[in-house]
Amino acid sequence: MNGLQDIEVRVESAPVPYRVALEAMAARNAAIAEGTASELIWLLEHPPVYTAGTSADPAELLDPRFEVVEAGRGGRYTYHGPGQRVGYILLDLRKRARDVRGFVHAVEGWVIDTLADFGVAGRRAEGRIGIWVDAPDRNGLPGGEAKIGAIGVRIRRWVTMHGFSVNLSPDLAHFGGIVPCGIEEFGVTSMKDLGLEVAPEAWDRALLARAGDFLARLDVPCPPETAR
């Protein structure tokens, strides 16, 4: 049992334009809050796009080579595109522990646990939202800590929206048009960059197999900061 019996799971094989997904999320969020729709976990990819969170700094938009869309989520600029799997999570926290930090903590844990199923040691980093790994050396330069997954959420009337993205095999050069999430001192990596070929279908299966653990974490408040 994966705990998804009462939650719609929608898995897209074709790219979904970001604005289309954003409108659909807003409508579904309102419907869940009104009690007229079920909760939703939505897995998809987008055509290339830069999205601006509520804290986005225009100076961090270095080269707007793709469409730029105001996302309404927390955070700064991020990139979505082919080869990156996005998970939108629309859950009613009124049914669970009403804990925003706990929700973000649980999403991070869900991605980290799924990465581990592919042999990737993802981790949290103090003071930085997202999922981090040790990247390989590249082009004669030493590797180092790099981001493989981004987290960005919004909560309306205790119903969540947005979620996470994980880099399976995107064109990493596309991140060069922004300062990803406002963090200049660390790079971006992917499963392919780490030497792994992971199909979206394989990622989705592994992620959904761990959905029960993720949902169970939402039933208790977030652990203290020292436990992160």
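Is Tyr79 buried or exposed, and what is its relative accessible area? I would like to start from that residue, bearing in mind throughout that we are looking at a predicted model. Tyr79 is buried, and its relative accessible area comes to 0%.

Let me stay with the aromatic rings for a moment, where the count of pairs comes to nine. In one of these, the ring centres of Phe66 and Tyr79 are 6.0 Å apart and the planes meet at 40 degrees, so this pair is classed as tilted. Phe66 sits in the loop between strand S3 (49-52) and strand S4 (68-70), whereas Tyr79 belongs to strand S5 (residues 77-80), and the pair therefore ties together parts of the chain that are 13 residues apart in sequence. Ring pairs also extend the picture, since Tyr50, Phe66, Tyr79 and Phe175 are linked by them into a cluster.

Now to the strands, and I will take S9 as the reference. Strand S9 (residues 145-156) pairs with strand S8 (residues 128-134) in the antiparallel sense, over four bridges, and within that pairing Trp132 has Lys147 of S9 as its bridge partner. Trp132 comes up a second time, because Arg128 lies over the face of its ring, at 4.4 Å from the ring centre. An arrangement of this kind is found as well for Arg10, which lies over the face of Trp42 at 5.0 Å from the ring centre.

S9 also pairs with strand S11 (residues 187-188), here in the parallel sense and over two bridges, with Gly187 of S11 as the bridge partner of Ala146.

With strand S10 (residues 159-167), S9 runs antiparallel, and eight bridges join the two. Along that pairing, Val153 stands opposite His162, and Ile155 stands opposite Thr160. What sign does phi take at Arg157, in the hairpin of S9 and S10? The hairpin has two residues between the strands, and Arg157 takes a positive phi there, near 50 degrees.

S10 has a further partner in strand S6 (residues 84-90), and those two pair in the antiparallel sense over five bridges, with Arg85 standing opposite Val166 of S10. How many of the nine residues of S10 are buried? The strand is mostly covered, and nine of its nine residues are buried.

To close where I began, Tyr79 is buried at 0% relative accessible area and belongs to the cluster with Tyr50, Phe66 and Phe175, while S10 is paired antiparallel both with S9 and with S6.

Terms used
Residues numbered from 1 in each chain as written. Predicted model: local features only at pLDDT ≥ 70, side-chain atom pairs only at ≥ 80, totals over all residues. Heavy atoms only, no water. Pairing = 2+ DSSP bridges. Phe/Tyr/Trp six-rings, centres within 6.5 Å; stacked < 30°, edge-to-face > 60°. Buried < 20%, exposed > 50% of the residue type's maximum accessible area, 1.4 Å probe, protein only. Lys NZ or Arg CZ within 6 Å of the ring centre and 35° of its normal.
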